[in-house]
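Q: I would like to learn how to read the surroundings of single side chains and of aromatic rings in a model such as this one. Could we go through it step by step?

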Amino acid sequence: MVEPLGIREHGYTCREVVDVASEYVEGALPPEETTLFELHLNFCDGCFTFIDQIKQAAALSRRVSEDELPEPLRLGLLEAFRDWKRS
Amino acid sequence: MSACTYSVGTVTEAHTAGHIAADDSALVARLRDGDERAFEEVVSSFYPSMIAVARGYARTRAVADEIVQEAWIGVLKGIDRFEGRSSLRTWVLQIVANIARTRAVREARSAPYSSFETGDAQPAVEPERFRGPDDPFPGHWRSYPTDWRTLPEERLVSNETLAVVKQAIAELPENQRIVITLRDMTGCSAAEVCDTLGLSPENQRVLLHRARARVRARLERHLDG
């Protein structure tokens with residue numbers, strides 16, 4: 001069990017925070033909502049950590065290796081490029 | 001097939017019509033000149049995002065690769081008419097999406113984006129993680145998530161952890177998978193994704209949020225387990 005904040009402290013409950021986490025991370029929360037949201041984060045370690053985890057999930061996705069161009073496709077495209085150049 | 005075949009839709013990025021972004025102008029000039037090395041570079045660097053869009057519509061990887069090939073042929077035919085209303089990549093991705101949609105219509109299948117709101121109302125975090133309505137503090141965490149910043153870097157970015165992320169992304173519903181692939185794996189901007197897939201900014205965010213929330217949940221099981 002953790003020590004909770006007061007009821008609906010600073011406008012948001014933790015459950016509401018997780019629902020709009022990406023809006024916050026994307027900078028899409030309206031300014032007045034952002035202030036309330038950040039007030040909650042300042043006082044709530046759980047939500048602060050959750051937001052960090054969402055950011056980490058995005059950052060780790062960036063490190064996942066991407067699909068590589070298959071060799072037959074690369075060769076086919078190069079041929080198409082040469083045809084196009086000649087046309 | 002002419003460049004006019006493709007309707008690229010409204011572009012919301014702040015590009016001035018007729019003015020190609022500095023990054024793109026040199027590249028576009030080299031492509032127009034028939035510079036093979038420039039073509040090879042751009043083909044490789046755009047491939048992950050192109051295949052992500054194509055796979056949203058195609059049944060198999062082979063079909064998605066055909067769509068990518070067809071798109072490049074369209075790009076070459078239309079490159080002289082590229083005006084820089086969007087970035088080169090956005091323009092190319094829009095051509096991929098148009099070709100993929102046309103093929104999907106021909107094969108009488110609907111695209112995943114047309115039904116993006118249905119079938120997945122899974123919450124970002126399980127409701128049991130929060131205190132119930134009878135608790136003195138309803139809606140607050142029962143126990144806090146673990147702070148991953150305290151984990152050793154080697155564990156957080158280990159091949160094992162990255163494999164968990166990759167698997168989590170692969171298992172996402174198609175529309176979420178496409179959006180997270182474009183945004184987080186290949187680094188497209190929100191505007192680029194909206195323009196390519198014809199999504200509203202709100203819908204793009206909903207899909208991204210659900211996708212990231214699922215990846216986070218899988219990471220939590222892995223890292224806390």
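A: We can begin with one residue, keeping in mind that this is a predicted model. Trp141(B) has a relative accessible area of 1% and counts as buried, because the cut-off for that class is under 20%.

Q: Which residue forms an aromatic pair with Trp141(B), and how is such a pair described?

A: In general, a pair of aromatic rings is described by the distance of the centres and the angle of the planes. By this rule nine aromatic pairs are counted over all chains. In one of them, Phe50(A) pairs with Trp141(B), with 5.9 Å from centre to centre and 45° between the planes, and the arrangement is tilted. This pair crosses between chains, since Phe50(A) belongs to helix α4 (residues 45–63) of chain A, while Trp141(B) sits in the loop between α4 (88–106) and α5 (153–156) of chain B.

Q: Is Phe50(A) buried or exposed?

A: Phe50(A) is buried, its relative accessible area being 0%. Another tilted pair is formed by Phe82(B) and Trp91(B), whose centres are 4.9 Å apart and whose planes make an angle of 50°. Phe82(B) is buried at 5% relative accessibility, and Trp91(B) is buried at 11%.

Q: Which residues form one aromatic cluster?

A: The cluster consists of Phe81(A) and Trp84(A) from chain A, together with Phe39(B), Phe46(B) and Trp72(B) from chain B.

Q: How should I read a charged residue, and what is the polar contact of Glu220(B)?

A: A useful order is to take the place in the fold, then the accessibility, then the partners. Glu220(B) lies in helix α9 of chain B, which spans residues 201–224. With a relative accessible area of 9%, Glu220(B) counts as buried, because this value falls under 20%. The side chain of Glu220(B) makes a polar contact of 2.9 Å with the side chain of Arg129(B). Apart from neighbours within four places in sequence, Glu220(B) is in contact with Pro145(B), Trp148(B), Gly225(B) and Arg129(B), and also with Gln53(A) from the other lettered chain, A.

Q: Where is a nonpolar patch found on the surface, and which residues form the patch?

A: Leu36(A), Leu39(A) and Phe43(A) form a nonpolar patch there, and together these residues have about 250 Å² of accessible area. Leu39(A) is part of helix α3 (residues 31–43) of chain A. Leu39(A) is partly exposed, because its relative accessibility of 33% lies between the cut-offs of 20% and 50%.

Note on methods:
Residues are numbered from 1 along each chain as its sequence is written. Chains are lettered from A and ligands numbered from 1 in the order in which they are written. This is a predicted model: local features need pLDDT of at least 70, side-chain atom pairs count only at pLDDT 80 or more; totals for chains, interfaces and linings use all residues. Side-chain values use heavy atoms; hydrogens and water are left out. Helices (H or I, at least four residues) and strands (E, at least two) are DSSP runs, numbered from the N terminus. Buried means under 20% relative accessible area, exposed over 50%, partly exposed in between (1.4 Å probe, protein chains only). A polar contact is a pair of N or O atoms within 3.5 Å; within protein, one must be able to donate a hydrogen and the other to accept it, and residues adjacent in sequence count only if both atoms are side-chain atoms. Contact means heavy atoms within 4.5 Å. Patches are made of residues with over 30% relative accessible area and no salt bridge: like charges are joined within 9 Å, nonpolar side chains (Val, Leu, Ile, Met, Phe, Trp, Tyr) within 5 Å. Accessible areas come from the Shrake-Rupley method with a 1.4 Å probe; for residues, only the protein chains shown count as cover. A salt bridge is a side-chain nitrogen of Lys or Arg within 4 Å of a carboxyl oxygen of Asp or Glu. Rings of Phe, Tyr and Trp (its six-membered ring) pair if their centres lie within 6.5 Å; planes under 30 degrees apart count as stacked, over 60 as edge-to-face and the rest as tilted.
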